[in-house]
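Visitor: I would like to learn how to read a binding site. Can you walk me through one?
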Amino acid sequence: MTDVHHWIAGTNVPGERSLDVFNPATGEPVRRVVLGTGETVQRAIEAARLAQPAWRDTPPAKRAQVMYRFKTLLERDADEICALVSEEHGKVLEDAMGELKRGIENVEYACAVPELLKGEYSHNAGPAIDTWSNHQPLGIVAGITPFNFPAMVPLWMYPMAIACGNAFILKPSEQVPSAAIKMAELLDEAGLPKGLFSVVHGDRETVEALIDAPDVKAVSFVGSTPVARAVYERGAQQGKRVQALGGAKNHAVVLPDADLDNAANTLIGAAYGSAGERCMAISVAVCVGESTADGLVERIAAQARDLKIGPGTERGLDMGALVNAGHRQRVVDYIGQGQRAGAELVVDGRTHPLVTTSHGYFLGASLLDRVTPEMSVYQDEIFGPVLCVVRVETLDDAIALINAHPYGNGTCVFTRDGEAGRRFADAIEVGMVGINVPLPVPVAFHSFGGWKSSLFGDLHAYGPDAVRFYTRRKAISQRWPRQATKESAEFSFPSS
Ligand code: NAD
């Protein structure tokens, strides 16, 4: 088995500790990943400190050219990257390609950095005084990413951070480390000066060393809510800029006037795609009215039983394996909890043949009907192929239910009534909303983020918010008095 090394100053760096990386489709280890220490983090910081000052002074248009080349290299090697993602994560190849394309969007957006950093200018802001604001890089920034999007989530962060003039240290999930290294090699090939992008693998020790390092000025985190909260608090205590995106429980509301066939068809993909291991996965369908619920459950059940499941590296499948054995067991436990709490288990993914015949971490799709708000399957993020159906009487009941949930990442409504869709979008306390769009993941020129326990911090990820997050504003005022002018002391506060 080969080792996946750290990537520092444009070269592979071995480590002392290591961890097996598994192929979820076979349950076999495929390689080992080295785990970093405070020393490894310091080494990456030293490399960044050497490289960042010259990069800060490199014209944004030149920095954008590296991103243009990086984009074409990502496209050239897309199949190789997706094969690594699928092998270590378990998701199907087509889905891996989808995430990579959404990641590449962010590289394209970063190519616009000369425009995005233009700043603001006021001629004669005061008497013969001009004032302008510009956005300067922070220096060294870090990103910590989850297992479920090994390509896309890191690409939410570092293309824009680097294009803005920073150095970036990435700590990817130790469960899926290889795509990050492959992309680091491509950035090198694209001509990024060495030291500006490092990958340090590891666990909590590495993350805390990054947050605590005085040279690391800002931290972007994406992962589960308990860790997001801890990362936010630790960084904020040290006065750092932190954005920490957490977990989710995304509701889809189905109104009685919705096209039920279309709603069911799109919900199937949104609930079970990537085995439900998406922060924007729909995990609760809130049906308004009994006949809406009966119709939706019937349609989803029929399809959920027939999903094509298998190794993600095979073509034409709907769903691959879950990421690891422990996580699959956790999802299995939740299905049992839902049943015991009184939910109706309409489709039981635990009975899928692959669960017993394969050594991979497979689980079929499950559908739980008549779920109520106090059940753990409703309260908690399960992060697996389990869809809960909650029955309510009105749209207002649905809005109140969602607003009372601690998570607020994504949501959607299926309706043919424009007024209902507009009212829902306006009143709902969730950061990303779809109207007949089940996975309302914003494109790269908007920003991504949830509300409530789904995000700690002020700014969302990628898009315009990323420019704000990875730079700090400087307001400069100037005047040039004529040589002959006599200046007198002014003791009152200056005004225009
Ligand atoms: P996780 O929180 O376990 O791990 C995320 C990262 O934090 C990894 O790099 C991991 O090594 C590190 N980490 C784990 N425990 C830590 C600790 N105690 N201290 C410091 N660092 C630690 O999350 P995961 O299981 O990899 O990913 C799944 C979770 O991520 C789900 O909750 C999902 O909803 C969430 N997620 C959220 C978004 C979003 O945009 N809101 C996107 C993707 C995933």
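Guide: Here is how the ligand sits in this protein.

Guide: This is a predicted model, where local features need pLDDT of at least 70 and side-chain atom pairs count only at pLDDT 80 or more, while totals for chains, interfaces and linings use all residues. Residues are numbered from 1 along each chain as its sequence is written, and side-chain values use heavy atoms, leaving out hydrogens and water.

Visitor: Which residues come nearest to the ligand?

Guide: A residue is near a molecule if one of its heavy atoms lies within 4 Å of it. Here 27 residues surround the ligand, and Lys171, Glu174, Ser224, Gly246 and Glu381 come nearest.

Visitor: Which domains give residues to that shell?

Guide: Domain bounds come from an automatic or database domain assignment. Domain 1 (2–246 + 454–476) and domain 2 (250–435) both contribute, so the ligand lies between them.

Visitor: How far is a polar side-chain atom of Glu174 from an oxygen atom of the ligand?

Guide: Look for polar contacts, pairs of N or O atoms within 3.5 Å. For Glu174, the distance from a polar side-chain atom to a ligand oxygen is 2.6 Å. Thr145 uses a backbone N or O atom, 2.8 Å from a ligand oxygen. A polar backbone atom of Phe147 is 3.0 Å from an oxygen of the ligand.

Visitor: How much of the ligand does the protein bury?

Guide: Accessible areas come from the Shrake-Rupley method with a 1.4 Å probe. Alone, the ligand exposes 850 Å², and the protein buries 86% of that.

Note on methods
A polar contact is a pair of N or O atoms within 3.5 Å; within protein, one must be able to donate a hydrogen and the other to accept it, and residues adjacent in sequence count only if both atoms are side-chain atoms.
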